[in-house]
Amino acid sequence: AAPTVAMGFLPSYSKVGWISPALLIIVRLLQGFSVGGQLTSSIVFKLEQTDQSKWGRWSSIVFAFSNLGVAIGSLFSYVLRETLSKDQLNRWGWRLPFWCGIFGALPALYLKYCAKERAIPEDSSTENDNGQSGDRNVLRQSFSKSNFRPLISCMLLVAFPAATYYIVSVWLVIFMEDIVHPPVPHAFAITTAVNIAAIFLQILCGCIADYHGNYAHLMIFGAINLAWLTPLLLHFIAQGSSVVAFFSQLILASCICLYNSGYLPWIVKSFPPSVRLTSMSFAYNLSVGIFGGFSPAVATALVSKFGSSAPGYMVTILAFFALLGLCVARKPGNNGNAEISLNELENEENQDSGTSHLSEPLLT
C-alpha cells in the first residue's frame, strides 16, 4: 500500500526534471517487491492449510481477489474519465486512485494481528537414512539440478497466462480506445465489466477444476482455445462494435480463468513443501516480470507493424511453450497432478538411467 500511495504524491517532470522518473522507478520497484512476495505466498499459505481436493477452488479464490484490485482500478478509471475533463485528469485526477491505495493496508493489518499461521506439513524427505535432518539450505535445494525441470516447467506455464492476462485485462482497453480506428465506444466500461465478471468466472472455474480432478486437461483446453481465439477475436474487436468487443473480451477472460484454475494448483504441487515457496516465487515472478511486464509494449509494436491480430499470434506462440512446459514437467501422479518430495528429487539427481524422462507419458 505504501508504494502505491507514494506514487500519487510524485512530483511532475516539469517541476523536478529527471528526478521525477527516477522516483517513479524506485516506487515501482518497491511495488514490485510487495506484489512479488504477496501472491505466491498467499496461494501457498492457503493451499497448505486446505484439503488437496479443494486446491482448485481455493487457489482460484485467492487469485480472483488479487485481481479485484485490477477491477476496482478499472472502475475508478472509468468513473474519472466520465466525470473529469481531460485537463483535470492530467493535472490531478490521475493521483486519486493511487491515494485510495491506502485502503489496501487494512487486509494486511488484519492478517498481521488477527490471523494465525499453521505449521507447514512436515516433509520427512528432508531427513537422511539415519533420521537426521538433511540439507536445509533452501536456496541450494531450490536451484539444485534435481529441481531444474520443475523450475523450467513453472516458468513456461506462467509466461503464457501472464502475457495473455496483461493483454486482455490491461492493454486491450488502450487498444480499443487509442489504437484501432474507429475506436470502440465505451472501452473502459467494457473492460471494467469484463474484469468484474472475471472474478466470479475464476471462482467458478476453480470449482470445475476440483470437480474434474485433472488440472493438466484444463490447462491444455484453455491454452489451445486461447491460441486460436485470440488472433481471431482481436480482429473482431478492431471492427469497432461495443457489443462484439464485450463478448470477445469476455470469451478470452473465460479461457484465461479456466487455464488459471489448473495451473495454480499444478505448480504448487510441483515442489516439495520445504522449497515450495522459494521455488514457486522465483519461477512465477520471473515469468510475470518478463512476459507480463513487456507484453503490452510488445503488443503495441506488433499492431503498428503487422496489424490488429498480431498480438494474438504472440499468445499462440506462448501457448505452445505452455504446453511444452507440461511436457518437461515430471511425470504426474494420480489425476494428472504433479507431486514430488525431496527424496524423489535426490533419487532423480542420482539416478543414472539410459532413457530420457521426457519420453514418459506425462499427460495421462
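No disulfide is found in a search of the whole structure, which is a predicted model. C255 is accordingly unpaired, the nearest cysteine sulfur being that of C205, at 8.9 Å, whereas a disulfide would require the two sulfur atoms to lie within 2.5 Å. With a relative accessibility of 10%, C255 falls below the 20% limit and therefore counts as buried. C327, by contrast, has a relative accessible area of 35% and is partly exposed.

The secondary structure of the chain consists of 16 helices, with zero strands. Of the 364 residues in the chain, 44% are buried. When contacts between residues at least 6 apart in sequence are considered, 80% of them join residues that are at least 24 apart.

Two helix pairs illustrate the packing within this helical chain. Helix α5, comprising residues 68-83, packs with helix α11, comprising residues 187-212, at an angle of about 155°, and the axes of the two helices are 9 Å apart. Because an angle over 145 degrees is taken as roughly antiparallel, α5 and α11 fall into that class. The crossing in which α5 passes α11 is left-handed. On the side of α5, the contact is formed by L68, V70, A71, S74, L75, S77, Y78 and R81, which meet F188, A189, T191, T192, N195, I196 and I199 of α11. Sorted by class, the residues of this contact comprise nine nonpolar, five polar and one charged.

The second pair is formed by helix α10, which spans residues 148-179, and helix α14, which spans residues 276-306; their axes come within 7 Å and cross at roughly 35°. Here the crossing is right-handed. The residues of the contact between α10 and α14 divide into 21 nonpolar and five polar, with no charged residue among them.

Helix α14 also contains T278, which has a relative accessibility of 29% and so counts as partly exposed. Although T278 and S142 are separated by 136 residues in sequence, their C-alpha atoms are 6.8 Å apart in space. When neighbours within four places in sequence are left aside, T278 is in contact with V138, L139 and S142.

A further link between separate parts of the sequence involves W99, a residue of helix α7 (residues 96-99). The C-alpha atoms of W99 and M7 are 8.1 Å apart, while the two residues are 92 positions apart in sequence. The contacts of W99, again without its neighbours within four places in sequence, are with V5, G8 and F9. The relative accessible area of W99 is 32%, a value at which the residue is partly exposed.

Two features of backbone geometry were identified in the loop between α10 and α11. The peptide bond that joins H181 and P182 is cis, with omega at about 0°, and P182 lies in this loop. H186, which is placed in the loop between α10 and α11 as well, has a positive phi of about 60° although the residue is not a glycine. With a relative accessibility of 57%, H186 is above the 50% limit and therefore counts as exposed.

Technical notes
Residues are numbered from 1 along each chain as its sequence is written. This is a predicted model: local features need pLDDT of at least 70, side-chain atom pairs count only at pLDDT 80 or more; totals for chains, interfaces and linings use all residues. Side-chain values use heavy atoms; hydrogens and water are left out. Buried means under 20% relative accessible area, exposed over 50%, partly exposed in between (1.4 Å probe, protein chains only). Axes are lines fitted to C-alpha atoms, for helices over the stretch in contact, and angles run from 0 to 180 degrees between N-to-C directions. Helices (H or I, at least four residues) and strands (E, at least two) are DSSP runs, numbered from the N terminus. Angles under 35 degrees count as roughly parallel, over 145 as roughly antiparallel, 65 to 115 as roughly perpendicular and the rest as oblique. A crossing is left-handed if the near helix is turned anticlockwise from the far one by less than a right angle, and right-handed if clockwise. Contact means heavy atoms within 4.5 Å. Ala, Val, Leu, Ile, Met, Phe, Trp, Tyr, Cys and Pro count as nonpolar, Asp, Glu, Lys and Arg as charged, and the others, Gly among them, as polar.
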